[in-house]
Amino acid sequence: MTQQYSFLKFKDPTFEDFHLLYCGRQDCPSGYSFGPAVRPNYLIHYVIKGKGYYYVNDRKYTIEEKQGFLIRPGELTFYQADETDPWTYLWIGFDGSKAKTYLKYGGMGETDYTFGCQESEQLTQYLEQMLEHDTWGHYHELSLQGILFLFFATLAKSAELPYEEDVETDNLYISKAIEYIQKNYQNPILVTDIANYVSLSRTYLTTLFQQTLHLSPQQFLMKFRITKASELLINSELAVHTIANSCGYNDPLAFSKAFKKITGLSPLNYRKANTQNHYKRDSDPHQHEKGND
């Protein structure tokens, strides 16, 4: 029997929300057991061949080929290889604030302790790749993080859990769409670009925006761009065509039409009116009490 170990522990992990701690593979002899023990982090065992038994919370689970079991932090567990057909398994230890979320994607909710995955060769390949990156360094740390996500992506693919169509999910789509607009409004993006980013059809994204914000995505994008343009008109001396380009409008005329539609003023008149008001407030703090001359 051969045993292979690799411990990859980071005292101060770069990826605090989800990170690998250690991993390995073991061909177990008949009846080999571990525990009872309590772990400080999450640990997955995945059986490549053979079978064994997992004990947790006064329950016994029989784990066979292409199945696995989850050990959660702080829970007392025990596991043992079968006497006649002992298992060979691989394991990965991990932790982080997003660990529960990624476990759920892989089919392991709060009450699940076992899982199945038919992609045995793929998971084994990822484990072998992890074991190759046992040297300290940014390249190895980033590589391990990528392989860890690929490992869980394979579990998620096998679990085939659909997105939950609830209010929280809808709000998440809206938040991600707004985040995309905030980061890309200066580029000539379209509503289809936003829809593609959040993996929704344009029609469904529009429905969510109308239901939540009472605006279409196009209207929200326009209002956001004009708000940014308004700030630049007041707080800078940039030319109008430069501000238009900075807010996603390649055509100054189209920018002026959109600006007037939202504010009721042309960009130049808006700048003139608001810079004058700024000057009056700065020169006479009581100007707003006197009325117009």
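Which residue lies over the face of Tyr-249? Arg-225 does, at 5.6 Å from the ring centre, where a charge counts as sitting over a ring if NZ of Lys or CZ of Arg is within 6 Å of the ring centre and within 35 degrees of the ring normal. In a similar way, Lys-60 lies over the face of Tyr-53, at 4.5 Å from the ring centre.

This is a predicted model, in which local features need pLDDT of at least 70 and side-chain atom pairs count only at pLDDT 80 or more, while totals for chains, interfaces and linings use all residues. Residues are numbered from 1 along each chain as its sequence is written, and side-chain values use heavy atoms, with hydrogens and water left out.

Consider next strand β7, residues 67-71 (strands are DSSP runs of E, at least two residues long, numbered from the N terminus). Four of its five residues are buried, meaning under 20% relative accessible area with a 1.4 Å probe and protein chains only. Strand β7 pairs in the antiparallel sense with β4, residues 42-49, over four bridges, and with β10, residues 114-116, over three bridges; two strands pair if DSSP finds at least two bridges between them. Leu-43 stands opposite Ile-71 in β7, and Gly-68 stands opposite Phe-115 in β10.

The whole structure holds 28 aromatic pairs, which are rings of Phe, Tyr and Trp (its six-membered ring) with centres within 6.5 Å, called stacked if the planes are under 30 degrees apart, edge-to-face if over 60 and tilted for the rest. Tyr-46 and Phe-115 form a stacked pair, 6.3 Å centre to centre with 20° between the planes. Because Tyr-46 lies in β4 and Phe-115 in β10, the pair ties together parts that are 69 residues apart in sequence.

Definitions and conventions. Buried < 20%, exposed > 50% of the residue type's maximum accessible area, 1.4 Å probe, protein only.
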